[in-house]
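Let's take a friendly walk through this chain, from its overall layout to one chosen side chain. Have the sequence and the 3D view at hand.

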Amino acid sequence: MNGRELVDRLVFDAPSYDAAGSQVGWTPSAYVCRGKIRYLRGGETVQAARLDGKQPVVVTIRRSDDAQAIDTDWIMRDARGGEKYNIRAVVPTEDRRWLEITAESGVAT
């Protein structure tokens, strides 16, 4: 992976909580970066998800202190298309230079 492949503009929104600890909304644009969205194809699970109107993706972004704050309770948006994704997993690559985020669109946020 190299920087020229990061063609998608991504916005990550963090959850906002009230004093009681209940989620009350989202902190818009908590983290903004460029990344690469790869749409998953193939396997039975992916095909079943598509039939349910869901689209699983793997997104690669540069690893940084700010990026490492991203968690599975955040949401991701494609800044160009406006598509929203629920984040399912955030994993560093073996070389620790990138984060791979597994996310899914078409689900309630």
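How many of the 109 residues of the chain, in percent, count as buried? The share is 36%, where buried means under 20% relative accessible area, exposed over 50%, and partly exposed in between (1.4 Å probe, protein chains only).

## About the model

This is a predicted model, in which local features need pLDDT of at least 70 and side-chain atom pairs count only at pLDDT 80 or more, while totals for chains, interfaces and linings use all residues. Residues are numbered from 1 along each chain as its sequence is written, and side-chain values use heavy atoms, leaving out hydrogens and water.

## Layout

You will find 1 helix and 6 strands here, in the order β-β-α-β-β-β-β along the sequence. Both are DSSP runs numbered from the N terminus: helices are H or I with at least four residues, strands E with at least two.

## The core

The largest nonpolar core (buried Ala, Val, Leu, Ile, Met, Phe, Trp, Tyr and Cys residues joined through side-chain atoms within 4.5 Å) has 18 residues, and Phe-12, Tyr-31 and Val-59 are among those with the most contacts inside it. Two or more residues come from each of β1 (8–17), β2 (23–39), β3 (55–62), β5 (84–92) and β6 (98–105).

Setting aside neighbours within four places in sequence, Val-59 has contacts (heavy atoms within 4.5 Å) that include Leu-10, Ile-37, Met-76 and Ile-101.

## A look at Arg-88

Arg-88 lies in strand β5 and is partly exposed, with a relative accessible area of 43%. The side chains of Arg-88 and Glu-104 share a polar contact of 3.0 Å; such a contact is a pair of N or O atoms within 3.5 Å, and within protein one must be able to donate a hydrogen and the other to accept it, with residues adjacent in sequence counting only if both atoms are side-chain atoms.
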